[in-house]
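Colleague: I'd like to go through this one slowly. Could you show me the structure and explain the words as we go?

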Amino acid sequence: MADEVILLDFWPSPFGMRIRIALAEKGIKYEYKDEDLKNKSPLLLQMNPVHKQIPVLVHNGKPIAESLIAVQYIDEVWNDKSPLLPSDSYGRAHARFWADYVDKKIHEVGLKLWRTNKGEEQEAGKKEFIEVLKLLEQELGDKPYFGGDKLGYVDIAFIPFYTWFKAYETFGNLNIEKECPKILSWAKRCIKIESVSKSLPDQDKVYDFIVEMRKNLGIE
Amino acid sequence: MADEVILLDFWPSPFGMRIRIALAEKGIKYEYKDEDLKNKSPLLLQMNPVHKQIPVLVHNGKPIAESLIAVQYIDEVWNDKSPLLPSDSYGRAHARFWADYVDKKIHEVGLKLWRTNRGEEQEAGKKEFIEVLKLLEQELGDKPYFGGDKLGYVDIAFIPFYTWFKAYETFGNLNIEKECPKILSWAKRCIKIESVSKSLPDQDKVYDFIVEMRKNLGIE
């Protein structure tokens with residue numbers, strides 16, 4: 001019986017991108033559905049009644065919501081190739097910790113950069129964002145990827161936010177390459193990988209989308 | 001070689017309680033260290049330099065931070081008895097989703113009940129808290145535990161907050177038993193289990209602690 005895999009997503013969502021990359025790494029064929037978040041589909045509301053949010057992975061009719069939970073599910077079910085998490089328990093706990101760190105810090109702090117007007121909150125956000133990136137640089141160390149020699153769980157959790165870097169830099173008035181060059185070289189290494197490059201939208205497209213959002217929110 | 005297991009914790013922390021229950025379920029001997037959060041030990045700062053928070057599980061010198069990550073680690077390492085997560089991938093994704101829901105909602109919304117003064121924010125918090133509990137009631141359904149016939153991952157994620165119910169009810173001016181009787185009967189069923197009852201502090205003790213915290217924070 002062939003697997004039926006659907007991804008309910010929204011193209012600029014870093015969370016959706018994570019699932020796209022995981023599916024591509026495993027070579028899984030799936031149907032991509034882009035949602036209109038102002039007019040959510042009955043399918044989305046049925047598949048994620050609790051949060052009513054994308055992304056949602058639907059596997060043979062059963063929904064898995066929350067991007068990192070979906071990535072772990074994909075890794076467990078399609079365990080014949082391209083392991084995303086380490087095989088040892090401590091390695092897995094370590095990977096889950098850093099993916100959780102990305103979850104808690106990058107998106108939230110990033111909001112202070114593009115979704116606020118210039119001022120104290122944005123300045124504080126800028127300082128914090130650089131601290132977060134520097135800590136991730138430290139965790140990366142000399143490894144080519146957070147996962148070691150190959151793309152892994154933490155890389156997949158973090159690389160989607162690279163598509164938002166132009167927006168963070170422009171609106172947050174910072175230079176990520178200058179502050180955290182290792183993060184930039186890591187990101188460029190990741191996007192050379194096919195499963196990543198075909199899953200991520202263009203930085204300029206994401207930037208234009210955020211410009212539009214800021215207009216709608218009345219931010220200058 | 002005997003395992004050396006230490007738990008850096010703070011007795012009223014629901015997050016620490018989760019790890020205590022998991023260790024007890026697996027029958028693991030460990031050293032409990034209660035931290036003074038105003039004067040964190042060098043060990044804590046060394047073991048969790050990123051967040052500098054409890055709880056931290058230390059297994060043979062290696063730290064695992066974030067309570068749900070630690071519970072999963074415990075389940076994977078001591079996999080010979082009392083499985084905490086389901087064995088099937090979808091069951092695991094489902095359990096992770098609901099534990100994540102408890103993580104996102106109970107503590108955050110609970111803060112609005114005890115850490116704010118009476119007013120709009122608290123009223124909104126009260127409404128939201130009941131909605132969250134009702135949704136969890138729905139997820140529980142007719143099962144004795146979220147884990148089915150036995151205590152499982154979601155039960156462990158949620159039951160510690162029962163020790164905070166007296167505080168939520170008193171300061172939030174609500175009656176959880178009246179609004180969500182199934183949650184109360186579920187909680188009472190859980191605390192009959194030895195691994196739970198010996199891991200949780202008394203509700204009155206937690207209540208007194210929160211009264212003290214409110215005084216220190218200047219909340220009436």
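Modeller: Sure, starting with helices and strands: these are DSSP runs, H or I over at least four residues for a helix and E over at least two for a strand, numbered from the N terminus. By that count chain A has eleven helices and four strands, and chain B likewise comes to eleven helices and four strands. Keep in mind that this is a predicted model, where local features need pLDDT of at least 70, side-chain atom pairs count only at pLDDT 80 or more, and totals for chains, interfaces and linings use all residues. Residues are numbered from 1 along each chain as its sequence is written, chains are lettered from A in the order in which they are written, and side-chain values use heavy atoms, with hydrogens and water left out.

Colleague: What makes chain A as compact as a globular protein of that length?

Modeller: The radius of gyration is taken over C-alpha atoms, and the globule rule is 2.2 Å times the number of residues to the power 0.38. For 220 residues the rule gives 17 Å, and chain A has 17 Å, so chain A is as compact as a globular protein of that length. Its C-alpha trace spans about 55 × 45 × 30 Å along the principal axes.

Colleague: Why are strand 2 and strand 4 of chain A called edge strands?

Modeller: Two strands pair if DSSP finds at least two bridges between them. The open sheet has the order 2-1-3-4 in chain A, with mixed pairing, and strand 2 (31–34) and strand 4 (62–65) each pair on one side only.

Colleague: How do you know that strand 1 of chain A pairs with strand 2 of chain A?

Modeller: Four bridges join strand 1 (residues 5–9) to strand 2 of chain A, and the two run parallel. The cut-off is at least two bridges, so they pair. In strand 2, Asp34(A) stands opposite Asp9(A).

Colleague: What makes the second largest pocket a pocket, and what is its volume?

Modeller: On a 1 Å grid over the protein atoms alone, a pocket is an open set of points where a 1.4 Å probe fits, with protein on both sides within 12 Å along at least five of seven lines; lining residues have an atom within 4 Å of a point. The volume, the space filled by probe spheres set on the points, is about 380 Å³. The lining has 21 residues, and among those nearest the centre are Glu76(A) and Arg92(B).
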